[in-house]
Amino acid sequence: MAFRRTEHHRGRRVLATLLFLLAPAAAAEPDRFSASELERIASHGPWPTAWMRDPGNRVSANPAAVHLGYRLFFEPRLSANGRVACATCHDPARGFQDGRATARGLTDGVRNTPGLFDVRQQRWFGWDGGHDNLWSASLRPILDQGEMGGSAGRTAHVLRGSAALACHYRQAFGKAPTAGDSDLLVNVAKAIASWQETLLSPPAPFDHFRDALERKDVAAAAAYPAAARRGLKIFLGRGQCATCHAGPNFTNGEFGDIGVPFFIKPAGVDPGRQGGIKRLLANPWNLLGAYNDDATGGNTTGTKFVRPEHRNFGEFKVPTLRNLTLTAPYMHNGSLATLRDVVRHYSDLDEDRLHADGERILRPLNLSEAENADLVAFLESLSPATPLPPPVVPAPVPACRAP
Amino acid sequence: MKSPRHVPTAGAARRPLATLLAALAGLSGALAMLPAASAAEPKLPIFDAHVHYSHDAWDRTPPKEAIAILRKAGLKRAMVSSSSDDGTQKLYAEAPDLVVPSLRPYRKRGEISTWVRDETVIPHLEDRLRKFRYAAIGEFHVYGSDADLPVVRRMVQLAKQYKLWLHLHGDSDAIERVLVQDPEARILWAHSGFDRPEAVRAMLRKHRKLHADLAFRNDHATGGKIDPAWREAFIEFPDRFLVGTDTFTPERWYYIAEHADWSRAWLADLPKDVAERIGWRNGENLFASMMATK
Ligand SMILES: [Zn+2]
């Protein structure tokens, strides 16, 4: 429909564009976008992006695995004390994070819990990119002594204790969950990953605006608040935010140092990406290992060419900017409580913390209070305007339904 | 033993297992290998030519702890500068055998780009130079024609008067301009200007007193193997290069040991004599000796 346009339609669109570009000029300059800005706005969509299954996970999109993964995500008996589930920290009501500065499982952690919406789109997992795939990032917390402290034995016990879980495991992997099976934990992690892949955030006000511009739909575009438009201008222009927070998911998938201190309590530092590369390469469940289900090896390039550099020390993953209103506090250590604080951080940037070399993307923006509020309004427009319903519960597969 | 390269490969089927084993070995390898290596041969001493200890660093890591970090990293010596200079003095007082002080024109953070036009920098430098001993003035940042501004000119004169090195972070244009002001100026070119090895070599050929540190660069070595163009530079000028961490944030003090080990790894890819010179002897000859004989 939208693709098949007649000449007549095209003529109308050009007129509408002209009106849109010219009309607000008299009233408010900052509302207008140049051709190059419009192009860059378009690059942050469309949303949602096309979903693709994970070639490295053979049960990606497998209904039995998705159901099993869903059940296990909320299963506290996987943990050493029987009280910590994935959902304890990744709470669906809070954009799949916990609202804490740093996570608390069996013990207190040092990093902020990331939200899990649209996690299928991430290229590296964890703030330090210590994982190159979603299933190994899902296996880590099960074994982590500070988070869940689980084990293969405990996991097998939970699976065998429930006819429904055992049946879904069998349906997904073609065999029964046995404690001695060295694949069991990886399989479970792949099932939990396949459920997380279904977590997609709906279009936000920004997406409606972006699509309206694309359609040259002046009336629909007008619904986007003026403050958010001004903020968007700063985001694309002076702020250079889109250099790192690029594309539909507002991240280039890489790592950066924006001058957030990275000491940890009580002593020492969080080495960030530098430690993440070490963890990644030492991890038997990375994509170069035997558990990658992509026989073509097409998904291994990124990992193969990772090279440690000095700048990696204290770099953290460029996070998505979607759903931020659900996921405060911010940064790898949750050190900034509000979006206002985040924008102030960029506004008052401490240049001495950023190594002076070559072209500078980050500079103190020295934003006025009003500009600060505009940028916050823009960031807020990347979150859903209304509360999200709870996640859709995946149905049990027919073969496992109780009679 | 024959090199394993001559053994025919076992075929693709074995590879996943080999990868897994290699990965598992990697997990414990880091821990297991250190004592073995140090038992066989003592670690190469390192002269770290690029350490900062600014006020936020001494808040977090007080002098005693900081010195412990340097010693644990196996540093022979470290050239230290800070904003303000108090940090350097605290560290020097704690370990005069380990610290070579350098005087920054910056009194606090945030002066990196403003100092070249700030006349008050001069009395600061003059005052500190009267009171304390240094091997160098720096590290300071200056690019292109800014090097001819009055504040910079006066600083170059002070270096001449006190017979000090200039630790300059900037482009080759700035270096040329300083050398016009004082053809005898001794410059340590921070980060080798982030220039390509060919350009660095050309500068070293042209200016016989120019030296260069390799701080915060990775392009000269990957996985302990030296890049061919850089190797030529190191072999041509074994006396002119130094290594350095660059602790530009207080957190980076916790990277000093890591950096020393990284340096040892690629230095091992050079003839022993060249490795020792770049690793520590050049620093000892050029800077440490100044503190000893003054
Ligand atoms: Zn520097």
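This report describes the sheet, the zinc site, the nonpolar cores and the aromatic contacts of a predicted model.

## The parallel sheet of chain B

Chain B contains an open sheet of eight strands, in the order β1-β2-β3-β4-β5-β6-β7-β10, and the pairing is parallel. At the edges stand β1 (46-52) and β10 (241-242) of chain B, each of which has a single partner strand, so one side of each is left without a neighbour in the sheet. The partner of β10(B) is reached through strand β7 (residues 211-213) of chain B, with which β10(B) pairs in the parallel sense over two bridges; here Ala212(B) has Phe241(B) as its bridge partner.

Further into the strand order, strand β2 (residues 75-81) of chain B and β3(B) are paired in parallel over three bridges, with Val100(B) in β3(B) as the bridge partner of Met79(B). Two bridges, again in the parallel sense, connect β3(B) and β4(B), and in β4(B) the bridge partner of Ser102(B) is Ala136(B). The next pairing, between β4(B) and β5(B), runs parallel and comprises five bridges; Ala136(B) appears here too, with Trp165(B) in β5(B) as its bridge partner.

## Burial of strands β3 and β4

In strand β3 (residues 99-103) of chain B, five of the five residues are buried, so the strand is largely enclosed by the rest of the structure. In a regular strand the side chains alternate between the two faces of the sheet. For β3(B), Val99(B), Pro101(B) and Leu103(B) point one way while Val100(B) and Ser102(B) point the other way, and all are buried. The neighbouring strand β4(B) is likewise mostly covered, with six of its six residues buried.

## The zinc site

The zinc ion has three protein donors, Glu139(B) through OE, His169(B) through ND1 and His191(B) through NE2, which lie 1.9 to 2.4 Å from the ion. Along the chain, the donors follow the spacing E-x29-H-x21-H. Glu139(B) belongs to strand β4 (residues 136-141) of chain B and His169(B) to strand β5 (residues 165-169) of chain B, so that this pair, 30 residues apart, links distant parts of the chain.

Both of these strand residues are shielded by the protein chains: Glu139(B) is buried, with a relative accessible area of 2%, and His169(B) is buried as well, with a value of 3%.

## Two nonpolar cores

The largest nonpolar core has 86 residues, and those with the most contacts inside it are Trp115(B), Ile137(B), Leu166(B), Phe241(B), Trp253(B), Trp266(B) and Phe287(B). Helix α11 (residues 272-293) of chain B contributes the largest share of this core, eight residues. Apart from this core lies another, of 45 residues, which includes Leu72(A), Leu134(A), Val186(A) and Ala191(A). In soluble globular proteins, nonpolar side chains tend to be buried together.

One residue from each core shows its surroundings in detail. Trp266(B), leaving aside neighbours within four places in sequence, is in contact with Leu214(B), His220(B), Ala221(B), Gly224(B), Ile226(B), Phe234(B), Val243(B) and Ile278(B). Ala191(A) lies in helix α8 (residues 184-196) of chain A and is buried, with a relative accessible area of 0%. Not counting residues up to four places away in sequence, Ala191(A) touches Val59(A), Ala65(A), Leu68(A), Gly69(A) and Phe173(A). The C-alpha atoms of Ala191(A) and Thr327(A), which are 136 residues apart along the chain, are separated by 25 Å.

## Aromatic and charged contacts

Over all chains, the count of aromatic pairs comes to 31. One of these joins Phe73(A) and Phe96(A) in an edge-to-face arrangement, with 6.1 Å from centre to centre and 70 degrees between the planes. Phe73(A) lies in helix α3 (residues 63-73) of chain A and Phe96(A) in the loop between α4 (86-89) and α5 (134-143) of chain A, so the pair ties together parts that are 23 residues apart in sequence. Phe73(A) is buried at a relative accessible area of 1%, and Phe96(A) also counts as buried, at 1%. The two belong to one aromatic cluster formed by Tyr70(A), Phe73(A), Phe74(A), Phe96(A), Phe117(A) and Trp195(A).

Charged side chains also lie over aromatic rings. In chain A, Lys190(A) lies over the face of Trp135(A), at 4.5 Å from the ring centre, and in chain B the charged end of Arg252(B) sits over the ring of Tyr255(B), 5.7 Å from its centre.

Definitions and conventions:
Residues are numbered from 1 along each chain as its sequence is written. Chains are lettered from A and ligands numbered from 1 in the order in which they are written. This is a predicted model: local features need pLDDT of at least 70, side-chain atom pairs count only at pLDDT 80 or more; totals for chains, interfaces and linings use all residues. Side-chain values use heavy atoms; hydrogens and water are left out. A nonpolar core is a set of buried Ala, Val, Leu, Ile, Met, Phe, Trp, Tyr and Cys residues joined through side-chain atoms within 4.5 Å. Buried means under 20% relative accessible area, exposed over 50%, partly exposed in between (1.4 Å probe, protein chains only). Helices (H or I, at least four residues) and strands (E, at least two) are DSSP runs, numbered from the N terminus. Contact means heavy atoms within 4.5 Å. Donors are N, O and S atoms within 2.8 Å of the metal (3.2 Å for Na, K and Ca); water is not among the atoms, so sites may look incomplete. Rings of Phe, Tyr and Trp (its six-membered ring) pair if their centres lie within 6.5 Å; planes under 30 degrees apart count as stacked, over 60 as edge-to-face and the rest as tilted. A charge sits over a ring if NZ of Lys or CZ of Arg is within 6 Å of the ring centre and within 35 degrees of the ring normal. Two strands pair if DSSP finds at least two bridges between them.
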